[in-house]
Amino acid sequence: MSCQNDNLKEDVGNSKQNFLITTGILEGRHYAWPNMDSVVTVQALGKKETTAVVHNSDNPYYNEFFTFDKKTTLDKILDNEITITVIQPRTVFRRRKILGYFKLDVATVWEEPGHQFFNKWAILSAPPNKFVSGSRGFLKVNLALITKNISPTIPQIQNTDEIEGNLLLPHSKIVGRYRAMFEFRIYRAEHFYDKNKAPSSYVEVSFAGNIGKTAIKKKSSFPTYNEKIVLWDLFPPLCQRFHINIYFGSSLAISDSLTLSYLTTDDDDDGYLPSFGPSFLHFYEKKNMERYQGSLFLSLRTKLDMRSMEDKKNSHTLPIGGYSEYLFSYVTLRFFAVLFESSSLDKRFDGNVQFKIAIGKENTDEEADRSDSNMNSIVSDKIKIVKINRNSSYMMIKEKKPLLCLTSTVIDYRKRLYILNMQEKIARAMEKKLETIGNFFAMDDISLNMKISKSLQECIDNFNSSAKKFLDIAGNYKFQNFTELDKSKFGNNLKQMENILKKTETIFNPNSLRRTFLKMKKFSDRLICLSKGINDIWPDAFINVWKENKKIAYIRLSCKDILYSPIEEEKGKLCGLRSTLFLQAEKKKYPRAKNVTNMVGKVEILLWLGAEKFVPEFMKNLPTGFEEMTEPSSSFRYLSTNEVHIFQCRCHLFQGRVKPGYDESTLSDTMVRIHFWDDCQESTIEQQTLNPVWNQTLIFKRIITYGPIPFIQTNPPSIIIEVLDRDKFFFWDYIGRTSLKPLVKSKEEPYAPPRFPPKLKWIELYNAEGVGAEVLGAFEMLEISGRRKQKRRK
């Protein structure tokens, strides 16, 4: 179920929205105190609700419902806890007493089928300060998490009063609950900084209300803790997240969590208990400008105590010996970035800027003095910003393309990243093919059945071929630098891939195409889940833009996406390719929306990350017509070309479809704005309509590009398209944005079918809510002239 919920998290996104927690307190049974007066309190989201008092009963009937609402993000709502307590209220003759309580986090509710517990019996435990074992009674409850487009469905009602078979437990195949010891070993940390100074720090681990802390390490950016934190709870637990908090002094500075669904599985008979590491957990700033904040080297082991269930054992911390990292093998990586072009920049860009690349922490003076540190960043020469108009500008990058490079030595986790890359490629290829087939089904045209049948068969054949190749490659991997969790997940992934492959070989039924499609869709979702990882491998790569001493924009990438391998299936999806990436600002207007929605500019860039021994392969496969050079007066490196071509870009805009709701009238005054290299143009304004018809061609008369024609045809610069709505105060409201590649025609190529003229197609434009508008158009680049410059000396 957790995999499906991971996919659903992406659909919900992480922008602020209204969440509703509903709780139903139905009845109690077998209270430990006979004939007691009782009341139930429910605490969630910082609020507290109370039922009416039920007198003289150890089997009370409450039947009360409460709701708790909050506008926040999904990640934050899942971190909240729900606490339900049964109390004997105060009277004139006795004090208020707590019979029992139970606690769970919202993430546990989210992980359940339908995001709810329906008519489940919760086991009441004694308060932590009462050294009493055993159950204190049972409470029948309903719990549900509701948000936009997600609401619980009422499951089939079971006509039974059985308690033991209907307990409130996490969705699991494990029968019963056992006392479990969660043992965290905190070894050391690196790159901890508080305003560029070494802080005094300690680590706090919390889970299900249990908290453990290490000792404080004074004024060190590379503290060594070597302590063991032991937390006790029942397994399976009613909380889903281990919270790892780093305190600088008395202030919480860094926080992250380990999700139980990633650390364990009960998908089959070979399930395993929660474990992690020993490995690094990497921390990132998420509130403002995203940046790397350091790493913590730790491990987690879980042990079950079958002999006792409710023994009161306190959390504690003990010193331990250090972990020998000589057991790991290391690899020296080289990270290259080639900047081809940057445009569509907003108002924050002016004067001169510099690019700076890093894997994890950017180099500081303190680290430069350390013998084991690496130069983890490099800076480009200053690049001039040229204004087009008040809405747009571009960077002056001509025939000399800045080449950035850094070297870093890290633990060799390449095999783990190769596995993720292979699984992701298989899953995304299947998902893309199934999306096309789904569109055919949506047309509800019986004449498309032959086409659907052929596409389904092709999809199945492609998956079977890719899956067999994956099993052949990954099956020969050695467990080098694999933790126990890695080995367990790797074995589980291989088994699941084998099971899916076995089923798809006999899945195709020409007489039941829709059923075949739905089964393949289910397999596709499972494959996407298998390709998900956790940030314990290498820190992410950053491409930062600096203006003087201030970072104004950045791009953040997972290292797996740019990692090189001589085997094509293992290679990252962006490795060695000219890609269009979108610069993000320090404060995203729409958190977790598509990057193009939040962009403050775009960059055409080639990225490559690989072992030092593969660097000759990178140099050998540089774009044709480019060669490396170094400025005589500086150490800055470039890729240079002596070929220059001038193009005319034609943007044919026919009509559009706009979602209602941007004006009070529900109609829009719609305009299209197009950014392309060193120019920005706008269409006419179509007033008071949701179906604007522009029937217009915007012509960019002189687009200068560098490099040979085959390279330009394969890697044309991207066009940024925006749809805007003018409000009653004549301000422009954002409806949607996207990027696309035009069709390129060389001067020698005839303007004739089948390539030209380009066909009209509907283009989706995105905003924070998803697709905000669609535009029917066609886009082409036509070469006007080309020339070679005199070759420069190196």
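Reader: How do you know that strand 12 and strand 17 pair?

Author: In this predicted model, strand 12 (residues 224-235) and strand 17 are joined by four bridges. A pair needs at least two bridges, so these strands count as paired. The sense is antiparallel.

Reader: What is the bridge partner of Glu227 in strand 17?

Author: That partner is Pro319.

Reader: Which sheet holds strands 12 and 17, and what is its order?

Author: An open sheet of five strands, in the order 15-16-9-12-17. The pairing is antiparallel.

Reader: What makes strand 17 an edge strand?

Author: Strand 17 (316-319) pairs on one side only. Strand 15 (276-285) also pairs on one side only. These two are the edge strands of the sheet. Neighbouring strands here are turned by 30° against each other on average, direction ignored.

Reader: What holds strands of a sheet together in general?

Author: They pair through backbone hydrogen bonds, either parallel or antiparallel.

Reader: How do you know that strand 7 pairs with strand 8?

Author: Six bridges join strand 7 to strand 8 (residues 138-146). The rule asks for at least two, so this is a pair. The two strands run antiparallel. In strand 8, Lys140 stands opposite Trp121.

Reader: Where do strands 7 and 8 sit in the sheet order?

Author: The order is 4-1-8-7, in an open sheet of four strands with antiparallel pairing. Strand 4 (61-72) and strand 7 (116-123) pair on one side only, which makes them the edge strands. On average, neighbours in this sheet are turned by 20° against each other, direction ignored.

Reader: Now the cavities. How many are there of 30 Å³ or more?

Author: The count comes to two. The second largest has a volume of about 150 Å³.

Reader: Why is this called a cavity?

Author: Because a 1.4 Å probe fits there but cannot get out.

Reader: Which lining residues are closest to the centre of the second largest cavity?

Author: Glu341, Lys401, Arg578, Thr705 and Tyr706, out of 13 lining residues.

Reader: Which elements give two or more residues to that lining?

Author: Strand 18 (330-343), strand 34 (693-706) and helix 12 (709-714) do. Strand 34 supplies the largest share, with three residues.

Reader: What is the lining of the second largest cavity by class?

Author: Eight residues are nonpolar, two are polar and three are charged.

Reader: Why is Tyr counted as nonpolar and Glu as charged?

Author: Because the classes list Tyr among the nonpolar residues and Glu among the charged ones. Tyr706 and Glu341 both line this cavity.

Technical notes. Residues are numbered from 1 along each chain as its sequence is written. This is a predicted model: local features need pLDDT of at least 70, side-chain atom pairs count only at pLDDT 80 or more; totals for chains, interfaces and linings use all residues. Side-chain values use heavy atoms; hydrogens and water are left out. On a 1 Å grid over the protein atoms alone, a cavity is a set of points where a 1.4 Å probe fits but cannot get out, and a pocket is an open set with protein on both sides within 12 Å along at least five of seven lines; lining residues have an atom within 4 Å of a point. Grid points are joined across faces, edges and corners, and a volume is the space filled by probe spheres set on the points. Axes are lines fitted to C-alpha atoms, for helices over the stretch in contact, and angles run from 0 to 180 degrees between N-to-C directions.
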